[in-house]
Amino acid sequence: MSDVLTAPKPRRNSELMLLILALAAGIGAQFIVAMGAELPLDNGFVMTNGIFAGLALAIHVVLRIRAKYADPLILPIATALNGIGLAMIARIDLTMPEAQHAAGSQAILTAVAMVAAGVVIWLLKDHRMLRRFTYISLVASAVLLLLPLTPIGVPINGARIWINVGIGTFQPGEIAKITLAIFFAGYLSTNRDLILLAGKKIGPLQLPRFQDLAPMIAAWLVSIGVLVFQRDLGTSILFFGLFMAMIYVATGRISWILIGLAMIAVGGFIAMQLFSHVALRIDSWVNAFDPEVYDRVPGGSGQVVQGLFGLASGGLVGTGLGEGRPGLVTYANSDMIIASLGEELGLIGLFAIVLLYVLLISRGFRAALGTKDGFGKLLATGLSFTIALQCFVVIGGVTRLIPLTGLTTPFMSAGGSALLANWIIVALLLSISETARRPAVTGPIPSTDEQPKVLTQQQTSSRRRPADGEVGHA
């Protein structure tokens, strides 16, 4: 029957159960921190965690109303990561008096970010609406990246990536990664056929035509511009890596990856020769345990080495929340929060956190595979890869696998700009997954008095199975 199809389950009840477990993990971690420091469970503790739980449940309700077929794992995973991050920042506050207000401000910024995610889910009925704003997103990205270079820009630790918004600082580049993903998805889905036109063939590689290299060259120049003018190595890597991933998904050609890697190598070599801060980062990575490099100010390796010592002292099971010394590491609640978590939760706890990130990224890729439009596939892939690349760069830098870049750990590091951007990414992934999982009507268009019949999974399983010799269709 052409008018009979199987309807997937909304699985909102499963999401609710997982969300309760996620809230228990986050709020339970904050409870352990408070008990370990012998802090009273006052109204502030109850209000902070009550608002956090209430907003998470409110997003769940919004999904029940506006996107009932959305992926049931994305929201609980993001909530768990955010809750554990809040607990760790509160823990670090106890060892760093100069950062004693970080936990309170992070709780407020978490509420703002979660409200923004709920608003995006409510207003964005279909992610394909964003395709209309392809070139507007490009203009918005340019404006966001240029804002730190204007008089409202605020240089911090040598990097000029923040702006003054009156009540604090804001990093517009975090929002730019979303607008750039929208532009790349719209541009590549529209021009894919032109990009795939054959160019020269060298051995097994089919190289693109020279004119088709223009987008990659533009992305490369943007990345170099961020490195030169804003002195931010991490954001530079993130932007160019985002474009490389999306153009490979759009074309499926390994030649684009090889060209991109070659451009990264050339750009990195030139940056090392021309910019001292890049050379210092590389030197502090290669010669981290050299006493002269360790004590050098600025550009020393003390932060990385102390983070490694913290990870080592945590061992397999960790020292326990509240029992470590994360305050010995510079920027323990932002750049180095992975080292702080590794010290107090141990290798097992850190692996559990990494597994949560792996699940979140894989669910984003699953949404990309499930949606049928090219724009949605590329957008979900780009947004998921953004989180994946950030995790790799951050954890790789902390463990000295690669040079430390200063990117924030998604959902966990102190900082409102990244938190806002990541919750918006979660909202977009939920919207795309809802489109991918939503039942689609197939077959001829029914008349007004005859609607296609939709069977539940239980009803489908009870239908007659193919007899021996018959061919069943998946």
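Which residue forms a salt bridge with Asp71, and how far apart are the closest N and O atoms? Here are a few points on that pair and two others; please keep in mind that this is a predicted model.

1. The partner is Arg363, and the closest N and O atoms of Arg363 and Asp71 are 2.8 Å apart. This contact links distant parts of the chain, with the two positions 292 residues apart in numbering. Arg363 belongs to helix α13, which covers residues 337–370, while Asp71 sits in the loop between α2 (43–66) and α3 (74–93). Both Arg363 and Asp71 are buried.

2. Helix α13 also contributes Glu344, which pairs with Arg91 in a salt bridge whose closest N and O atoms are 2.8 Å apart. Because Arg91 lies in helix α3, the pair ties together parts that are 253 residues apart in sequence. Glu344 and Arg91 are buried too.

3. Asp126 and Arg128 are worth a look as well: their side chains meet in a salt bridge, at 2.5 Å from N to O. Is Asp126 buried or exposed? Asp126 has a relative accessibility of 16%, so it counts as buried, the cut-off being under 20%. Arg128, in contrast, is partly exposed, because its relative accessible area is 41%, which falls between the 20% and 50% limits.

4. For the wider picture, how many salt bridges does a search of the whole structure find? The search returns seven, among them the pairs Arg363 with Asp71, Glu344 with Arg91 and Asp126 with Arg128.

Key. Residues numbered from 1 in each chain as written. Predicted model: local features only at pLDDT ≥ 70, side-chain atom pairs only at ≥ 80, totals over all residues. Heavy atoms only, no water. Salt bridge = Lys/Arg side-chain N within 4 Å of Asp/Glu carboxyl O. Helix = DSSP H or I, 4+ residues; strand = E, 2+ residues; numbered from the N terminus. Buried < 20%, exposed > 50% of the residue type's maximum accessible area, 1.4 Å probe, protein only.
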